[in-house]
Amino acid sequence: INDIVSGDLSREEAFSEEKRKEIMDAVLPFRGEDNAQEVEKAWRRLEKLYGTDEEEEFERNLEIVTGAVIFDVEKRHGSRSVSWQSLEELGLFEVETVDSIQGAENDVVILSLVRSNEKGNIGFLGTSDGLQRLNVAFSRAREKFTVIGDLSGTLTKANYTPRKRTPYALNRQENTFRAREIFKKTLDYSRELKVEYELERGERKSEELVGFLSETGLRSKDDKDIIIALDTKWFPDREGIEGLVSAIFGLSGKDNIIIVKGEGAGLAGEIEKVRGNTDLGNILILGGEETTSDSAFNDYRNKSCFVTVDPSELYNNMTSDEYTYIRIVEMLLLASTLAFGEGYSLKDLRREYPAIKIMELDSPRAFILIPDCETFPLDDMKKIYNAQAEVFIRL
């Protein structure tokens, strides 16, 4: 990304919480509430994109295309352009309108659409000129195209009822319906792609987890068991999780692998039941902060591997009409790599797991994982969990 990191900042420093706060503070004096959320989502998307390749290999032009509708918003609020300008002045990316990039292409384009209301009013986008600008915006990206907007609400429920049936009014009504269909197909297609991607990735990571644990168990110290202790207290109450966790625990007893589960301090008791003379360095404890900081685990500190899960983003972004997908398999594979892997680097792991933030603590073998919130319709989420569970059952 062009000038995504200024000076000598590393990628970790550039996308630290301090850097994010600096960016948001730069926008703060000028922004409205809706614009702040929009800038925040664009920034989060940049974080994920930037973590997918080596810095020297990711020399791509990135534009955030704010759309022709920006002119209408500026007239009413007078702040939106200043918000994006403040962000752009940090040298992170270009901010342009659709008109200004006509004829140009970029590897990555983020299109932000600002309309959000209960009436389905999409304003200028419901005109012939608006449709032409959508056509331009949707055809500028070569590799990745992201839309930020009220897709499931305003844009897919776009409506226009003319007061008088003049040719212009009827034409606008027709164009509004055409725009609505474009957004519906965009949303449906993106959901299909997301489910297909997660199905394929989930199955692949499940197979990797089985292979990694088997290899680790077979080469464990003095032919001793490796113990993985999984705290289930932090799991949100979501359907499909229990079946997947049960399938994972089916691996216990295979190739010197012992997997135990429990909640809070009770997890320490479950470890003691199976520990025997297992080396403390062969133990991985994966749990919420309340569990991993409990005094019941004092005997394991600095010797066993502690991986704390911070589920705050999962909880903060939950909605009542969608189901939160937890990357249990990926977090377990990632934690196992941190505990038992050889020759890995945090840089490589961050690139491989862009949806999970990894923080290294000062204590030996202590880390924090912060999973991002992924939402799916219930049927799709069950399909993803079941596909992963079937891999464990089959293997």
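I began with helix α14, residues 378–394, which has 17 residues and reaches 24 Å from its first C-alpha to its last, close to the 24 Å expected at 1.5 Å a residue. I kept in mind throughout that this is a predicted model.

I then looked up which residues of α14 are buried, and I noted Leu378, Asp380, Met381, Ile384, Tyr385, Ala387, Gln388, Ala389, Val391 and Phe392. What do the buried residues of α14 pack against? I found three helices listed, α7 (167–218), α8 (241–249) and α12 (328–340), together with the strands β9 (323–325) and β12 (374–376).

Next I turned to the chain as a whole, for which I recorded 14 helices and twelve strands. Buried residues make up 49% of the 395 residues in the chain, and the chain exposes about 19400 Å², of which carbon and sulfur atoms supply 45%. I also looked at contacts between residues at least 6 apart in sequence, and I noted that 75% of them join residues at least 24 apart.

I went on to the aromatic rings, taking as pairs those whose centres lie within 6.5 Å. How many aromatic pairs does this rule give? The count I wrote down is six. One of them joins Trp234 and Phe235, with 4.4 Å from centre to centre and 85 degrees between the planes, and I entered this pair as edge-to-face. Both Trp234 and Phe235 are buried.

Why is the pair of Phe297 and Tyr300 tilted? The ring centres of Phe297 and Tyr300 are 6.4 Å apart and their planes stand at 55 degrees; planes under 30 degrees apart would count as stacked and those over 60 as edge-to-face, so the pair falls to the remaining class, tilted. I checked the accessibility of both residues as well: Phe297 counts as buried because its relative accessibility is 0%, and Tyr300 counts as buried because its relative accessibility is 1%, the cut-off being under 20%. Phe297 and Tyr300 belong with Phe306 to one aromatic cluster.

Last, I looked for charges placed over rings. Lys194 lies over the face of Phe376, at 4.6 Å from the ring centre, and I noted that β12 (374–376) is among the elements against which the buried residues of α14 pack. Lys261 lies over the face of Phe249, at 5.2 Å from the ring centre, and α8 (241–249) is likewise among the elements packed against by the buried residues of α14.

Conventions: Residues are numbered from 1 along each chain as its sequence is written. This is a predicted model: local features need pLDDT of at least 70, side-chain atom pairs count only at pLDDT 80 or more; totals for chains, interfaces and linings use all residues. Side-chain values use heavy atoms; hydrogens and water are left out. Buried means under 20% relative accessible area, exposed over 50%, partly exposed in between (1.4 Å probe, protein chains only). A charge sits over a ring if NZ of Lys or CZ of Arg is within 6 Å of the ring centre and within 35 degrees of the ring normal. Helices (H or I, at least four residues) and strands (E, at least two) are DSSP runs, numbered from the N terminus. The expected span of a helix is 1.5 Å times one less than its number of residues. Contact means heavy atoms within 4.5 Å. Accessible areas come from the Shrake-Rupley method with a 1.4 Å probe; for residues, only the protein chains shown count as cover.
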